Amino acid sequence: MTEPGLYHLLFISAALFFIGIYGFLTRKNLITILMSVELVLNSVNLNFIAFNKYLWPGRLDGLFFTVFIIAIAAAEAAVAIAIIINLYRSHQSIDVENAEELKY
Amino acid sequence: MSGSTIIFYLLATLTLVCGVASVLTRLIFRAAIYVLFSLIGIAGIYFWLDYQFVAAVQIVVYVGGIVVLIIFSIFLTQQAGEKLPKQKIGRKIFSGLAVFCGFALTMLQVFQHLFHSTSEEALPASVSNIGSRMLSIEKGGYALPFELVSILLLAALIGCIVIALRAKPETK
């Protein structure tokens, strides 16, 4: 085990990204797909923070990107859950395979 | 090996193990709880990197907001104790293979690349620095994106209310 540095953080971030992609590909339930998307967004945040900390320590740009991504992720999750609940009301199911009509 | 190294590896293990568990479990409520712990692990890594503000935002917004929202929607849409249907084995194998190849390719690229750090002196990510930079309108300031994100959040909240409103029955 070596002293943690930039490469360790990039490893964690890449692993988390592909874990999220795996969940995105194998899940059918919309809420679990949303959780996988959150994991992917978090891996991107971690990447921004790692580059900010180790490569450009004199600036705060990565930190601002992270804060804005968190805000946008919150908005995205809220809209997605409103859509999911609406879908459940009209179809009694939130599987992607049952949601095949654009308009009901 | 110092204590800080051990803490880093513990946080990394927590994040990755909970992330894997959340995409593999077939109980949706457990998946939400695993995501919660994975996000807490990432907040811990931010603390470890001395970015206290981002860590606090991560805990307040993700752990306190988004995960609670997800748990609420699970309660509204799912029967308790019901397992998710099994996915086809072929699709699991295909996804696992695709993900593994992507991960291997990415890590190969990352480890071959040598990152060059700038030699400017470190600016501490204190709240006063963040605040003055976020609201500055000079070069390198983030006042315009800040306002744009505020408008986006407002639009998203109003949009949620409109979407989730129960539509009135048309014929009666």
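**Exercise 1.** List what B:Tyr51 touches, not counting residues up to four places away in sequence.

Solution. Take contact as heavy atoms within 4.5 Å. On chain A, B:Tyr51 then touches A:Ile49, A:Asn52, A:Lys53 and A:Leu63. On chain B, the partners are B:Tyr46 and B:Ala125.

The model is predicted: local features need pLDDT of at least 70, side-chain atom pairs count only at pLDDT 80 or more, and totals for chains, interfaces and linings use all residues. Residues are numbered from 1 along each chain as its sequence is written, chains are lettered from A and ligands numbered from 1 in the order in which they are written, and side-chain values use heavy atoms, with hydrogens and water left out.

**Exercise 2.** Describe the largest nonpolar core (buried Ala, Val, Leu, Ile, Met, Phe, Trp, Tyr and Cys residues joined through side-chain atoms within 4.5 Å).

Solution. This core has 43 residues. Those touching the most other members are A:Ile12, A:Leu63, A:Phe64, B:Ile45, B:Tyr46 and B:Tyr51. Next, assign elements, with helices being DSSP runs (H or I, at least four residues) numbered from the N terminus. Two or more residues come from each of H1, H2 and H3 of chain A, and from each of helix H1 (3-24), helix H2 (28-48), helix H3 (52-77), helix H4 (89-112) and helix H5 (127-134) of chain B. H1(A) gives the largest share, ten residues.

**Exercise 3.** Is A:Asn42 buried or exposed, and what is A:Asn42 in contact with beyond its neighbours within four places in sequence?

Solution. Buried means under 20% relative accessible area, exposed over 50%, and partly exposed in between (1.4 Å probe, protein chains only). A:Asn42, in helix H2 of chain A, is buried because its relative accessibility is 0%. Its contacts are B:Leu39, B:Ile42, B:Tyr46, B:Gln58 and B:Tyr62.

**Exercise 4.** Treat A:Phe48 in the same way.

Solution. A:Phe48 lies in helix H2 (residues 30-54) of chain A. Its relative accessibility is 28%, so A:Phe48 counts as partly exposed. Not counting residues up to four places away in sequence, A:Phe48 touches A:Gly62, A:Phe65, A:Thr66 and A:Ile69.

**Exercise 5.** Characterise the interface of chain A and chain B.

Solution. Buried area is the accessible area (1.4 Å probe) that two parts lose on being put together, summed over both. The two chains bury about 7100 Å² between them, 75% of it on carbon and sulfur atoms. Of the area that chain A buries against chain B, A:Tyr7, A:Tyr22 and A:Met35 supply 9%, more than any other three residues. The contact takes 71 residues from chain A and 84 residues from chain B.
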